[in-house]
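Me: Here's a model I'd like to go through with you, strand by strand and then further along the chain. Ready for some questions?

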Amino acid sequence: MDSSEVITGYEVEDIRFPTSSTMDGSDSIHTDPDYSLAYLTLTTDAGSRGYGMTFTLGAGTDLVVATIKQFQDKVVGKSVGEIFGGYRAFYRSITQASQMRWLGPEKGIVHLAAAALFNGIWDLAARLAGKPLWQLVVDTDPAKLVSMVDWSYLGDVVTEEEAVQMLTVGEEEKQRRIRKLKDEGYPAYITSVGWLGYPDDKVRALTEEKLSEGWTAFKMKVGVNRESDERRAGLMRSLIGPDNTLMMDANQIWDVPTTISRMVPGLTKYNPLWIEEPTSPDDILGHKAISAALEPHGVGVATGEMCQNRVMFKQFLQSGAMQFCQIDSCRVAGVTELLAIMVLARRFNVPVVPHAGGVGLCELVRHYSMIDYIMISGEMEGRWCEFADHLHEHFTDPAVTKAGRYLLPSLPGFSTRLKEESARYYSYPAGTCWSSDKV
């Protein structure tokens, strides 16, 4: 990596895809999503570029764009070496900026904006190093990685010394794990067969198509009403058979008593592995109560895509409120906060199963699953990385799956770069997509 290159350019764009027209991404709460990105391009004095993004659902993307611009003066004029040489201090200069943190702290729009910034910085570093992001991370000395992470508020459950130990893998074992990923890929489950706005015939056709491709794990959305949920669950289970894995996702629609009454005995008879986001993403004790009620039925609780920071994850994990840890590449503040969360998940022996239902998320989170396997958990059994089959054609390094498994990314960077023609066409509001009569 040429760490002497100085960041001189900082451009932020609002990119929106009209997915609401096809009901792609629809669920019980988010009924008309337009998959969107607040998209950052960093340029150095040598002409190198890094690309950052955070994910939104359309309206409000302009607010995230405006917030990303607030961080410009803290980045432009710094060299890559300066940033990575004192990364923890740089990280805190963004997340703990005295006035901006009042809008969080470390949550909401300011944290989404921080995610885009840090994703762009890591993409730039990986491109300069000539490595895919996962490889840049696993090639970094564990003590160095730990020194870059902000461990504030986590010392009661894990120390920095323990984190170094958890991230330390012998070179021979590390290479064995990398070879296994190259040979076999990483397990995935597919969500895009079961969006809530899809009619039954479309669900049937998509599920049968994915079964023929070798997929063995499927997720469906629930939360309309008891009759509809059970009809669709029966359809999904009849299509995939008794031996394939079924997940369910309520997207926060229920309260605690409703979740338990809907699941027991109703939806549990279809043998789901988990119910995802059954209630408010902030209700830790509610998730714990649901977990306790569902445990006798062999159903776990998955959550995390809207868990706002590492401290929330700490409480979910230490209280036993989640059985599956769903990290999201654009909800928290980038690589180092996600490393902390994955270390916490290992500390409490909870599998990491990244969330990826959105534009660009599959491209990013596959790197985290590779990192988790290579240097943290060493496990693939009982773990999956989500896949949604939408909009990958707009990226220069799209996520690729084969027979229900992610292939190991090989191109330099964090896979965050949009094709220029796609960025122009879907730019909001002036891009052709939005300024024509087609939308």
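Me: Which residue is the bridge partner of Ile7 in S2?
Reply: First, a caveat: this is a predicted model, where local features need pLDDT of at least 70 and side-chain atom pairs count only at pLDDT 80 or more, while totals for chains, interfaces and linings use all residues. Numbering starts from 1 along each chain as its sequence is written, and side-chain values use heavy atoms, with hydrogens and water left out. S1 (residues 7-16) and S2 (residues 36-44) run antiparallel over nine bridges; Glu13 pairs there with Tyr39 of S2, and Ile7 with Thr44.

Me: What are the edge strands of this open sheet?
Reply: Strands here are DSSP E runs of at least two residues and helices are H or I runs of at least four, all numbered from the N terminus; two strands pair if DSSP finds at least two bridges between them. The three-strand sheet is antiparallel, in the order S1-S2-S3, and its twist averages 15° from one strand to the next. Strands that pair on one side only are the edges, and those are S1 and S3 (49-56).

Me: Which residue in the turn of the S2 and S3 hairpin has a positive phi?
Reply: S2 and S3 are joined by eight antiparallel bridges, with Leu42 partnered by Gly50. Four residues separate the two strands of the hairpin, and the one in the turn with phi of about 90° is Gly47.

Me: How many residues of S3 are buried?
Reply: Buried means under 20% relative accessible area, exposed over 50% and partly exposed in between, with a 1.4 Å probe and protein chains only. S1 is mostly covered, with eight of its ten residues buried. S3 is largely enclosed by the rest of the structure too, because the buried count among its eight residues is seven.

Me: At what angle does H1 run to S1?
Reply: Axes are lines fitted to C-alpha atoms, for helices over the stretch in contact, and angles run from 0 to 180 degrees between N-to-C directions. H1 (residues 61-70) lies across S1, S2 and S3, and its angle to S1 is about 175°.

Me: How are H13 and H14 oriented to each other, roughly parallel or roughly perpendicular?
Reply: The axes of H13 (residues 310-318) and H14 (residues 334-347) come within 10 Å and cross at roughly 10°. Their contact (heavy atoms within 4.5 Å) involves residues including Phe313 and Leu317 of H13, and Ile341 and Leu344 of H14. Angles under 35 degrees count as roughly parallel, over 145 as roughly antiparallel, 65 to 115 as roughly perpendicular and the rest as oblique, so these two helices are roughly parallel.

Me: Which helix gives the largest share of the core?
Reply: A nonpolar core is a set of buried Ala, Val, Leu, Ile, Met, Phe, Trp, Tyr and Cys residues joined through side-chain atoms within 4.5 Å. The largest one has 140 residues, and Ile275, Ile371 and Tyr406 touch the most other members. Another core, of eight residues, lies apart and includes Phe324 and Val353. In the largest core, the top contribution, 13 residues, comes from H4 (residues 108-129).

Me: Asn271 and Ser415 come next; is Ser415 buried or exposed?
Reply: Neither residue is a glycine, yet phi is positive in both, near 55° for Asn271 and about 65° for Ser415. Asn271 sits in the loop between H11 and S7 (274-276) and counts as partly exposed because its relative accessibility is 49%. Ser415 belongs to the loop between S12 (405-406) and H16, and at a relative accessible area of 2% it is buried.

Me: Where is Pro265 found?
Reply: The peptide bond from Val264 to Pro265 is cis, with omega near 0°. The Tyr428 to Pro429 bond is cis as well, with omega near 5°, and Pro429 lies in the loop between H16 (420-426) and H17 (432-435). Pro265, by contrast, is in a helix, namely H11 (residues 256-266).

Me: How far apart in space are Asn244 and Trp254?
Reply: Asn244 is in the loop between H10 (226-240) and S6 (245-249). Leaving aside neighbours within four places in sequence, Asn244 contacts Leu211, Thr216 and Arg237. Asn244 and Trp254 are ten residues apart in sequence, and from C-alpha to C-alpha the distance is 26 Å.
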